[in-house]
Amino acid sequence: MNVQQHKKLTDDIWEIAKRLRGPYRPPQYRLVMLPMVVLRRLDCVLEDSIDRVHAEYSRLKAAGTPEKAMERMLAKVADPDRKQPLYNTSRYTFERLTADAENIAPNLVAYINGFSPTARAIFEKFNFAEQIEKLENSNRLFNIVQQMATIPLHPNEVDNLQMGYLFEHLVMKFNEQANEEAGDHFTPREVIELMANIIYTGEKDVYKPGIYRTIYDPTCGTGGMLSVSEQHIRAGNGAANLALFGQEYNDESWAICCSDMLIKDEETNNIILGDTLGDGKTRDGFEGRQFHYMLANPPFGVDWKDQKKVVEKEHKTLGFNGRFGAGTPDIDDGSLLFLQHMISKMHPNPDAGGDGSKIAVVFNGSPLFSGSAGGGPSSIRRWIIENDWLDAIIGLPDQLFYNTGIHTYIWLVTNRKPPERRGQVQLIDGTLFAERMDKSLNNKRHCITDDQIAQLTRIYGNYLDGERAEVVVDKKTGEKVKRTVSRVFKNHEFGFLRIVVERPLRMNFQTSPERIARLDQLDPNKHPVGDFREVAEAMDADHLYMDLAEFDADVVEAAANLRIKLSKPERKTLWTTIGDKDQKAEECIWVGNRPEPDAELRDTENVPLPDATELPLPMAFGPDPQNKLNGDVVNMMTPAIDAYMEAKVKPHVPDAWVDYKKTKVGYEIPFNRHFYVYKPPRELNEIECEIETLEVEIAKLLEGLTG
């Protein structure tokens, strides 16, 4: 790429954009300039064909040629070498538009309406007609078109590859101006570069001349991940046969992505407008398709209420024959739905005769640990890990994205791990691999340098447990330390059995007037309050019972003397109402000679899962209405659970027991715990000195106010 030419073009276009100030604020410049750059490029591309296409269009129209047939013929007249139809049936060019200043607006509209269908659709989604009217009303339209006519974007001067770079640079620059809005649709370029570096590490086949590979982004935004992936592969294999696919629900982002594809003469029909998950009106645009590589930055921390009906129907009716068989996450974050969607589009793995697939996706921290054992997010993690698809997770620095300052994570998922990575997951701590930017862009204050991208890529490729690297721990002072940045775990180490630990209910009982008065709080329509009161009042009000069995026996005797019949559930209501918690009392034995559990003392513990090579558990996925599968797992794990209780729980609470029926299998990835570094508190004398210094400074400031 000609760097000097690239810089001059971007600078010149930015200077034109500044002429919009007044009717437009800087964050709105992109509404005009992005479609205007597309228009100017298309004008240059079609400059040599405009007259002959117009002549052919007039001839075909006069002959009554069907429009569909006309499209094919006009495309060939415009450029027989292009793959994507691109032509204009009007006689206008930028030069001719500027020759008629008085009619610039209607002529420009006619010019746009003369484009081939795909180009016309792009300008419709840009909503450019509205901008033309606004520019005309503010007396800016002619000057902008006139200035854009001087920008040299002819293919003889700027080839498709460089035009792609230019357009991506402009997209980034204009999105930076509109970062509050654009963060939802724009991923920082260094994050995409890192994802591309990682996902193509170890991929030998992709660099074979003539190899055919598909790349897919289900939330493609402006197309950055597709473009960077393509550039990354072509840099090492110019003869690769690549097909790019994407889907985007935002009109403007879709138009930007399609513009980039059209400018580079790539298949625009592969970029679908619509909701990937399905919102009832639009749906997955690639049902049944499989892809070799998938990259995405799906919306994280965003609810999926609009897709709930479609997603849950597919989950319930299709199960694992659909996209969401493993479960659904909490309604406030649909990130794991997108990952399941991408997994559903993996090619069969090589062992099954397929090519297999690799996925790189950006998440926030929630998918690592959200949800309880047996719940949707945990079940999805379990499904991914037990199928040995999770390859690595890379923690990224905070303040890296335009619309959020939180830490994010790249998940690498694949069904064709190399032998040395099978059965294991690599965690990489890249949270300190960043530099402070000279000028922040909304929430983006950090960037990852090329050297840091290369270092993180090497760490992934090294695949070492305990690898250390020198990182900057204080951006102000530049202090560096050696830290562990890579850990490798076996799959089962992320799994556990969540057991429910019960402790006995202990209560004392007394039929004093104060306690009998509690019966007034019961609903008389549901409970025989009068009978309760009569029985209780017939008992010794001064006697304090420390044993439920003794109290219940006296209740039965008193009721019999009064010829009152109380069922066992009614007697339980009586003693739970009159009783008071008392840890000195005996255990409350009620049903089946077992203690009643005290809900307030109930707790949970996580029992680690065994290595599958040592104790293969009957792990399967899907509905388990009779809890049989869970029961089988619990039966096999009972010795381990009992041993855990004896070692970890009973030394502290000897009366505890496990309610095995409530045991659930869970999976979570405690990323931060594995890289936690203890930082000792400062010495007291250091803190005292700092306080004294501050007190002196405050006193001086107060003197200045009162002096």
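## Exercises on a predicted model

Asp 265 is buried, since its relative accessibility is 14% and the cut-off is under 20%. The model is predicted.

**Exercise 1.** Find the loop that holds Asp 265, then state the sign of its phi.

Solution.
- Start at helix 14 (251-263) and move on to strand 3 (271-273); Asp 265 lies in the loop between them.
- Read the backbone angle: phi of Asp 265 is near 60 degrees, so positive, and the residue is not glycine.
- Most residues other than glycine have a negative phi.
- Asp 388 is another non-glycine residue with a positive phi, about 60 degrees. Its loop runs between helix 18 (376-386) and strand 6 (390-395).

**Exercise 2.** Describe the largest nonpolar core and the part that Leu 108 plays in its contacts.

Solution.
- The largest nonpolar core has 97 residues. Those touching the most other members are Met 33, Leu 39, Leu 108, Phe 123, Phe 126 and Met 148.
- Helix 2 (residues 29-46) gives this core its largest share, eleven residues.
- Now take Leu 108. Leaving out residues up to four places away in sequence, Leu 108 touches Leu 39, Leu 97, Ile 132, Leu 141 and Val 145.
- A second core is separate; among its 51 residues are Trp 383, Trp 411, Phe 489 and Val 658.

**Exercise 3.** Decide how the buried residues of helix 9 are arranged, and name elements that cover them.

Solution.
- List the buried residues in helix 9 (residues 141-148): Leu 141, Ile 144, Val 145 and Met 148.
- Look down the axis. The buried residues fall within an arc of 95 degrees, so they line one face of helix 9.
- In general, an α-helix has 3.6 residues a turn, so residues three or four places apart point the same way.
- Check the cover, which includes helix 1 (3-18), helix 2, helix 5 (94-97), helix 6 (104-113) and helix 8 (128-137).

**Exercise 4.** Work out which elements are tied by the salt bridges Asp 465 to Arg 487 and Asp 552 to Arg 571.

Solution.
- The whole structure has 42 salt bridges.
- Asp 465 and Arg 487 meet at 3.0 Å, N to O. Asp 465 sits in the loop between helix 19 (450-462) and strand 11 (468-474), and Arg 487 in strand 13 (residues 486-490), so the pair ties parts 22 residues apart in sequence.
- Asp 465 is partly exposed at 47% relative accessibility. Arg 487 is partly exposed at 24%.
- Asp 552 and Arg 571 meet at 2.8 Å, N to O. They lie in helix 22 (residues 548-561) and helix 23 (residues 568-578), so this bridge ties parts 19 residues apart in sequence.
- Asp 552 is buried at 12% relative accessibility. Arg 571 is buried at 17%.

Definitions and conventions: Residues are numbered from 1 along each chain as its sequence is written. This is a predicted model: local features need pLDDT of at least 70, side-chain atom pairs count only at pLDDT 80 or more; totals for chains, interfaces and linings use all residues. Side-chain values use heavy atoms; hydrogens and water are left out. Helices (H or I, at least four residues) and strands (E, at least two) are DSSP runs, numbered from the N terminus. Buried means under 20% relative accessible area, exposed over 50%, partly exposed in between (1.4 Å probe, protein chains only). A nonpolar core is a set of buried Ala, Val, Leu, Ile, Met, Phe, Trp, Tyr and Cys residues joined through side-chain atoms within 4.5 Å. Contact means heavy atoms within 4.5 Å. The arc is that of the directions from the helix axis to the C-beta atoms. A salt bridge is a side-chain nitrogen of Lys or Arg within 4 Å of a carboxyl oxygen of Asp or Glu.
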